[in-house]
Amino acid sequence: MAFRELQWLVSPSPLSPGHGLHDRAVCSTLHTFLLQVAKRVQDHTTAVGDAVSPEMGESLFQLYVSLKELCQLRPSSSERDGVMALESFHRWFQPAIPSWLQKTYSVALARVQRAVQMDELVPLGELTKHSTSAVDLSTCFAQISHTARQLDWPDPEEAFMITVKFVEDTCRLALVYCSLIKARARELSSGQKDQAQAANMLCVVVNDMEQLRLVIGKLPAQLAWEALEHRVGAVLEQGQLQNTLHAQLQSALAGLGHEIRTGVHTLAEQLEVGIAKHIQKLVGVRESVLPEDAILPLMKFLEVELCYLNTNLVQENFSSDDDDDSALPPCGIWALRRLPDLLEFCSTPTSTARAPWSLAVFISYTVLLTLLWTHTLTVLEEVAASQRSSSLASNRLKIALQNLEICFHAEGCGLPPEALHTATFQALQRNLELQAASSRELIRRYFCGRIQQQAETISEELGAVTVKASYRTSEQKLRVELLSASSLLPLDSNGSSDPFVQLTLEPRHDFPELAARETQKHKKDLHPLFDETFEFLVPAEPCRKPGACLLLTVLDYDTLGADDLEGEAFLPLCEVHGLSGSEEPGEVPQTRLPLTYPAPNASATPLASDPQTPLSTGDPILQLLEGRKGDREAQVFVRLRRQRAKQASQHALRPAP
């Protein structure tokens, strides 16, 4: 009998207030009818056991709901004689519960599959950025919640287990939806040449997952967990509901968070392709274009693409209602809606007006920006390795790195320094600084390094030289008194050496008119007393430049072959007495300089021939200079330095690192 007819039986007649359920005859009839219903339900469920068919399960559910509503029309205790049979009516339907739960899940799954298959992955509107399937999925979940409220199983312990099943199925549907919507995106974008359209679909997918995350978060309210907790408090162990239902929910939310981050990864990969193309184009721009102008297409690309994400991704993906910023990683302080402002800041560094920005954002955006930064560094590193011999291309890459760092940092509102200044960034920055330098600047840096090596050398294992140097500003004359050398290595077969010293002012391009000078050769003497004076007519200005030095090369004279290297000493000209203009006239102090060796030659293929050779193999400056085949000055310098390094490597003694 339909609920409508049952309701007629229990409703008072509008004409006779004493009729209806209050009539003893009606109550007796209803009692008899309910007993018949109970017997038929029990007979059927006993006969089929757990194998309740979907059709019968649907009929039983409708009957259960009708009887439950009938039971809720409670008369007074003196008038309940005929309704007593309803007190435990739910037990008649207990075998049908698995069928009801399975039917609820199957219907919802079919609706989800159909909704995804019909979804074209376009936003519903300007303000609603998810697609149709997300709306259909919300409806499915609402229907599941409605079914759970209809069921409202009276037994507390069994009601808890039924709720667990509803939550489990809902969370499983959520993850199934994620798989289906990603497959749908792949299907629609396969063979799609328009990368913007493919990116738009990915944005919609991420938005759909975010909408799903919001819906799943409402399960406790929709399934009345709080009321359930009060009902089961006496029959469940303390914390069982928390450990079961809330654990299920948190697991589902974690899975959705992973799916959202995976979508963000895919978006980042699409951006990475464009970044790589623009960096490759950067080095091919004609030489007449200024480096600052050459990087504009790259920065414009970032502006357009990131603004696109700003327009097409819902803000909930990148914001959080949690006020606890400590739960976020150090670099989790980006907000996607601010990307146009960040890029505008990069293009207009003089701008000062900045609005206060919130620091709490969703972790996915941190992942997106970190991925983009890491990939950008990798691309720059690869392109820089292929452009080692081009100072022009390297200079453009250096300026691009500087601007990208500013863009991603954004005056402290973007990625923090510890996230930006990775080991890769620092190595790339050093390498580009060298690669972008002119050959003369590299030579200057080489001598700065040797001067530093000289200052750090204490051991006199190779011997030492003693000099007195002074500069007379009025005469623009550098005076060098080479006094002696001591403890030289015996490089001849007779256990001695024939030493002499070669004096040059370096770098040569700063002192082009000054030829090298030499001392007299001393036969078989490891502690020669030279006591010779040399004067160089030179302005003070080049002597004060970084790297300017007096190079003292101690050689062992050989009649038949090339002279052997005893060692080198570097006296920085900026420290010469009289060059600063503040020294008082008087006795010029002696300076004792331990001899040093140059770094050994690289054992691998030179850098310019093999782009895979790391800069740490051998001296990176010499490798860069050696790669500049068309620069005669660089090649002459490298040959001499390689010759000195080869001479040093022929001796068994090595200086301490």
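## A walk through the predicted model

Start by selecting Gln623, which is found in helix H20. As you go, keep in mind that this is a predicted model. Is Gln623 buried or exposed? Switch on a surface and look: Gln623 has a relative accessible area of 1%, and because anything under 20% counts as buried, this residue is buried. Now add Ser389 to the selection and draw a C-alpha to C-alpha distance. Gln623 and Ser389 lie 234 residues apart in sequence, yet 9.4 Å apart in space.

**Zoom out for a moment**

Show the whole protein chain as a cartoon. You should find 21 helices and eight strands in the chain. Of its 657 residues, 46% count as buried. If you like contact maps, here is a figure for yours: among contacts in the chain with a separation of 6 or more, 75% are between residues 24 or more positions apart.

**Stop one: H20 and H21**

Return to Gln623 and select all of helix H20, residues 620-627, together with helix H21, residues 632-649. Their axes are 8 Å apart and the helices pack at an angle of about 135°. H20 and H21 are therefore oblique to each other, and their crossing is left-handed.

Which residues of H20 meet H21? Show side chains for Leu622, Gln623, Leu625 and Glu626 in H20; across from them are Ala634, Gln635, Phe637, Val638, Arg641 and Arg642 in H21. Coloured by class, this contact of H20 with H21 shows five nonpolar, two polar and three charged residues. Our starting residue, Gln623, is one of the residues on the H20 side.

**Stop two: the four-stranded sheet**

Next, hide the helices and look for an open sheet of four strands, with the order S5-S2-S1-S8 and antiparallel pairing. Its edges are strand S5 (529-537) and strand S8 (591-594), each of which pairs on one side only. Look along the sheet to see the turn from strand to strand: neighbours are turned by 25° against each other on average, direction ignored.

Begin in the middle, with strand S1 (residues 464-472) and strand S2 (residues 477-486). How many bridges join S1 to S2? There are nine, and the two strands run antiparallel. To follow the register, pick Ser470, whose bridge partner in S2 is Arg479. Then pick Val465, which stands opposite Ala485 in S2. Val465 also stands opposite Leu593 in S8, so selecting these residues together takes you across S2, S1 and S8.

Between S1 and S2, zoom in on the hairpin, which has four residues between the strands. Here Gln476 takes a positive phi near 50°.

Turn on the surface again and look for S1. Eight of its nine residues are buried, so S1 is largely enclosed by the rest of the structure.

Now step outwards on both sides. S1 and S8 pair in the antiparallel sense over four bridges. On the other flank, S2 and S5 pair in the antiparallel sense over seven bridges; select Lys477 and you will find its bridge partner in S5, Leu537.

Stay with S5 and colour its two faces. Phe530, Glu532, Phe534 and Phe536 form the covered face, while Leu529, Asp531, Thr533, Glu535 and Leu537 make up the uncovered one.

**Stop three: H4 and H5**

Bring the helices back and select helix H4 (residues 97-118) with helix H5 (residues 132-151). Their axes come within 9 Å and cross at roughly 170°. That makes H4 roughly antiparallel to H5. The contact has nine nonpolar, four polar and two charged residues. Among them on the H4 side are Trp100, Thr104 and Arg111, and the H5 side includes Asp136, Leu137 and Cys140.

**Last stop: H9 and H10**

Finally, select helix H9 (residues 225-232) and helix H10 (residues 240-282), which pack at an angle of about 160° with their axes 11 Å apart. That makes H9 roughly antiparallel to H10, and the crossing is right-handed.

What meets what here? Trp225, Leu228, Glu229 and Val232 in H9 meet Leu241, Leu245, His246 and Leu249 in H10. By class, the residues of this contact divide into six nonpolar, one polar and one charged.

Note on methods. Residues are numbered from 1 along each chain as its sequence is written. This is a predicted model: local features need pLDDT of at least 70, side-chain atom pairs count only at pLDDT 80 or more; totals for chains, interfaces and linings use all residues. Side-chain values use heavy atoms; hydrogens and water are left out. Axes are lines fitted to C-alpha atoms, for helices over the stretch in contact, and angles run from 0 to 180 degrees between N-to-C directions. Angles under 35 degrees count as roughly parallel, over 145 as roughly antiparallel, 65 to 115 as roughly perpendicular and the rest as oblique. Contact means heavy atoms within 4.5 Å. Ala, Val, Leu, Ile, Met, Phe, Trp, Tyr, Cys and Pro count as nonpolar, Asp, Glu, Lys and Arg as charged, and the others, Gly among them, as polar. A crossing is left-handed if the near helix is turned anticlockwise from the far one by less than a right angle, and right-handed if clockwise. Two strands pair if DSSP finds at least two bridges between them. Buried means under 20% relative accessible area, exposed over 50%, partly exposed in between (1.4 Å probe, protein chains only).
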